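Student: Please take a close look with me at the salt bridges here, one pair at a time. I would also like to see the overall fold and a few other spots around them.

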Amino acid sequence: MILPDFDPLKPNGTRIETEHSKYNETPPESESSKDNGTRLESEPSNDNGTRLEPEPFKSRGTPPESDPSKDNGTRRIEPEPSKSNETPPESESSKDNGTPPESEPCKDNGPHLETEQPSETKLSDSESPERKRKIGLANLFWKENNPELTRLESFLDDNPLFFHNYLVRKGTAMMIDAWMACHVSPGSTEEEEDGEEREDELNSLPRFQISSCSGSGGATPVRKVSAHEFEKGGLNKPMVTTVDGTPTFLSLPSNSNELTGQIRKKSRMDMNSFNESELILDLIKDISNELDVKSLCHKILQNVGILTESDRCSLFLVAGDPDTSSQYLISNLFDVSSSSTVEEVGPKSLETAPVSRREIRINWGQGIVGYVAQTGVSCNVKNCYEDPRFNQDVDAMTGYKTRSMMCSPIKDSSGEVIGVAQVINKSSSSNGGEFDDNDVMLFEKYLTFCGIGLRNAQIYERSQLEVKRNQVLLDLAGVIFQEQSTLETTILRILTHMLCLIQCERAMLLLVNEESQSTFSQIYDLAQEDLEQDGGERRKKAFQNRFPINAGITGYVSSTGEIVNIKNAYEDAKFDKGVDENSSFKHRTILAMPIKHSSSPGKVLGVFQLVNKFDQLPFTSNDENFVEAFALFCGMGINNVKMYETAMQAKAKLQVTVEVLSYHALAPEKEGEEFSKMQLPSALSNNLHSFQFDDFSLSEPETLKASLRILVDLDLINRFRIDYRTLCRWMCSVRKNYRDITYHNWRHAFNVCQLMFAMIKASQCWKELGETECLGLILACLCHDLDHRGTNNSFQLKASNSLARLYTTSTMEHHHFDQCLMITNSKGHQILSNLSQVQFKSVLKVLEDCILSTDLALYFKRRKETVEMVKRGINWKDEQDRILYRGLMMTACDLGAITKPWPIQRKIAQLVTTEFFDQGDLEKQELHLEPIPMMDRERFDELPKMQLSFIDEICKPVYECLSGASAGLKPLLEGCESNRKRWSELAETPNWKLVIEQEEEQERIEKEKRDAEEKVRKDAEEKERREAEHIKEADEKASEKIKFENQRLSKVEKMNNVKM
């Protein structure tokens, strides 16, 4: 509770809080407050603007000794008590503002909030002694006008900082809790008392002022429905139910025991001073604001009794469906007199109420009342016992003698009969105790207005019932969707609330077999006694297959999708009487309702079967409507749970599959260990620094060695402390995850990596990029097409496959990056484990950006910005420039085949074309689409022209931009232009395929010649090797022979010496 600094009055009329107390002093008016007439309430507040008041005082209370305010008609409390008959002189401001004295209403143009005397705080037995003492002092203050307490409060109001410090130093938790209860709690009495006053104040403000108080939302887009439209009615805050503790939208029931009926003190004799028009007008005013149908009917009958001077009055309302000719009249108020209340004459339980107070129903057209309702014409019966339409049994049942009767229809504005009013036995002796024509005229005239009021009340009642119905459905929907872990849990919730909602003995839910609409795959049931079993313990799931399913009824509902409501089971042909055999349970009434798919409304998902409504009652149309509406949510809930279970099963299967595939996709540890022991050839021997590098001369194992040599030569292994064996195994796994397709395979990845190595060396850009980005570039080149399927992004989107659903843009590139992460994060492949956290994040960022930049769509998006960067010069300190340059390098390496010598370029072009044509064939066969020309096998003759277009539109701009950034990369542009020239020559040659064949034949001959020469050379080397080995072997044998002879001679010599 810290006092904030206060701002001056805002121009929108918002009240401000100052250091003055609301109870003590009203600050002078500002100009802005004069303009809009808004009162400046001064009161201490806390940080959030909540008023700080002494605990027992009400928020809008005013001490008895307050005087009329000098400003805007507000009251002011002086430090000293003033006499009640003294009126202070008006100030200038009050004269200007036209503020009236306190006894007159305020006539200013702003909202006038009248203060009111607070009521005495009552003591309860549960209050503590300290609490009682404080409340007693507060009551003493209000009752006896204690001057000392008045001065004390005035001092506190004038010194809020002192009061604040006092609370901080000596305030107790109980005081703070009491303050919060009075001012913050949504259910506090004080807020309820002054809520209407605040609402009037807000309603009087202009619309823009109210909305501006929110402080935000000025940029909120206009919606078709705004929550502000519901401010007056509002939604109830969710309460906690006693059934399962879940939040609910249901309103709390009213516990008021107050009588709603009105006891009349007036009679016709008391109102003789009124003429007939004044009398009718006064009685119309009496019912004009009544919206409760029962109270309105009671008032109507009492007023009718006054008009007609009758002894008893009754009102019958029309019920039933007019379209089905099932209308009837029902009386909720019977034999009303001028001294009765609604509770006294209202309907009671049929079992406990006396005969005279039961609900009375009259068939349409039966009796005098039924005749009036049917014809719409008033009826004045002088002697009821002489009228054949009169039912004398009613008098026999009630013990009341009916002499004369007058009935008149109550019609709405459209002329439809909505009820019949009946008056019995004129009480005055005039006219022989009979109703005359004047009574009929007054009766009809008054009921004309009553019809309008009654129709409005019925519409309001129906709207309230609809609100309640929607609350119930929202509550039930919340229950269903609150926890959808398993199907059994959801169905248990559904059946539990269905039993509570419809009040029947049994509830069953049958799930339809997807293969056959007339059979059921699962059957769940629950009975009322199940809800109270197990000592109140909560069940985990409903029972299954306990009760008979009435196949004739449930099968009919599941196959037709129609509702079946049986009033008497044994009279219905669809009911199987055998289900009750050998059972004490007997079926009486049955309601079967289809549960339909939310996505396919015509398809039945399941069937509700409710059996035996309580109190021997049949299932009504209202029950049908409730169950049908509830079934919609149940269908969505069950369908969602099934999808959730399917998704969880799929997730589990996917996890197992990923584990299996990961095991088989990764290279064995032994393979990596063997690779790590191999000797790596030098970069020079493999010509890795050259832009004209030819990988066709290397085998796949040799490409692995060359890739590893690139990392070694760049010293990335030592700089980042990468474990060599781990790197070797990672390299083998990367190669293994490239599919065996025509072009986008491991060789292509190796070629891209080699060209990146050559570019880094030739341009010396490693000095600017740094070791972290160089590592990211090399790894990105090796992984940029991992798990490529031989089809591009466009094909994935056209086929709507799983990859397209996972990634909407750069589909394949995102997949390549994810595969790279999968390998790098696998056990035994964590080549980045020794990097610091900053280095690790940097490498991953470069890795992702570089792989995604191989998407040509992203290249086209960045091309203009990249060209501008090269023209102005690369700013290596700008991160965006570095991103653009790395992307340009990746694109150049990915398209690097176009810069190779012509023989290599021609071979690669044929590989790319073959892969493109394969994709075009798939589009034709599987997707039934016409491929683009580059992928159409039937347009193979246009290949040179398509290659020229590809070079001019994509490739050449890349290498022009790259050579502009670094002169050392100009050979790439020259190679591209050289190949363009050759494709241009072929495009102008009609028989270009023959030229290609001749070139290939010539290359084949040259290759054979080279191979022959190589074979001769190798044979000569082999012969020389063998001769050398033969000579060596002969020498070794001669040496052995000489050695053996020497040993023999040595032994002979020794033997001779021994003999001598």
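Tutor: Let's start with contacts along the chain, where a contact means heavy atoms within 4.5 Å. Among contacts with a separation of 6 or more, 66% are between residues 24 or more positions apart. Bear in mind that this is a predicted model, in which local features need pLDDT of at least 70 and side-chain atom pairs count only at pLDDT 80 or more, while totals for chains, interfaces and linings use all residues. Residues are numbered from 1 along each chain as its sequence is written, and side-chain values use heavy atoms, with hydrogens and water left out.

The chain has 34 helices and 14 strands; these are DSSP runs numbered from the N terminus, helices being H or I over at least four residues and strands E over at least two. Of its 1060 residues, 43% are buried. Here buried means under 20% relative accessible area, exposed means over 50%, and partly exposed is in between, with a 1.4 Å probe and protein chains only. The chain exposes about 58,000 Å², and carbon and sulfur atoms supply 52% of that area. Accessible areas come from the Shrake-Rupley method with a 1.4 Å probe, and for residues only the protein chains shown count as cover.

Now to your salt bridges. The structure holds 46 of them, each being a side-chain nitrogen of Lys or Arg within 4 Å of a carboxyl oxygen of Asp or Glu. In one of them, aspartate 787 meets arginine 789 at 3.1 Å, N to O. Aspartate 787 is buried, with a relative accessible area of 12%, whereas arginine 789 is partly exposed at 32%.

In another pair, glutamate 879 and arginine 886 meet at 4.0 Å, N to O. Here the acidic partner, glutamate 879, is partly exposed at 40% relative accessible area, while arginine 886 is buried at 0%.

A third pair joins two helices. Arginine 982 sits in helix α33 (residues 970-987) and glutamate 999 in helix α34 (residues 992-1059), so their salt bridge ties together parts 17 residues apart in sequence. The closest N and O atoms of arginine 982 and glutamate 999 are 2.5 Å apart. Arginine 982 is partly exposed, with 27% relative accessible area, and glutamate 999 is buried at 16%.

Salt bridges can also share partners: Glu773, Lys845, Asp849, Arg862, Glu879, Arg882 and Arg886 are joined in this way into one network. The pair of glutamate 879 and arginine 886 therefore has both of its residues in that network.

Next, the strands. Strand β14 (residues 604-613) is mostly covered, with ten of its ten residues buried. It runs antiparallel to strand β9 (residues 504-513), with seven bridges joining the two. Strand β13 (residues 590-596) is likewise joined to β14 by seven bridges, and they run antiparallel too. Strands pair if DSSP finds at least two bridges between them. To follow the register in the viewer, look for leucine 510, whose bridge partner in β14 is valine 607, and for lysine 596, which stands opposite valine 604 in β14.

On the surface, Leu152, Phe155, Phe162 and Tyr166 make a nonpolar patch of about 380 Å². Helices α4 (147-158) and α5 (160-170) are the elements that give two or more residues to the patch. Patch residues have over 30% relative accessible area and no salt bridge; like charges are joined within 9 Å, and nonpolar side chains (Val, Leu, Ile, Met, Phe, Trp, Tyr) within 5 Å. Phenylalanine 155, in helix α4, is partly exposed at 39% relative accessibility.

Two last stops involve cysteines. Threonine 490, in helix α15 (residues 487-502), is buried with 0% relative accessible area. Its C-alpha atom is 8.9 Å from that of cysteine 634, although threonine 490 and cysteine 634 are 144 residues apart along the chain.

As for disulfides, meaning pairs of cysteine sulfur atoms within 2.5 Å, the count comes to zero. Cysteine 781 is in no disulfide, and its nearest cysteine sulfur, in cysteine 893, is 5.1 Å away. From the side of cysteine 893, the closest cysteine sulfur is that of cysteine 781, which is too far for a bond. Cysteine 781 is buried, with a relative accessible area of 0%, and cysteine 893 is buried at 3%.
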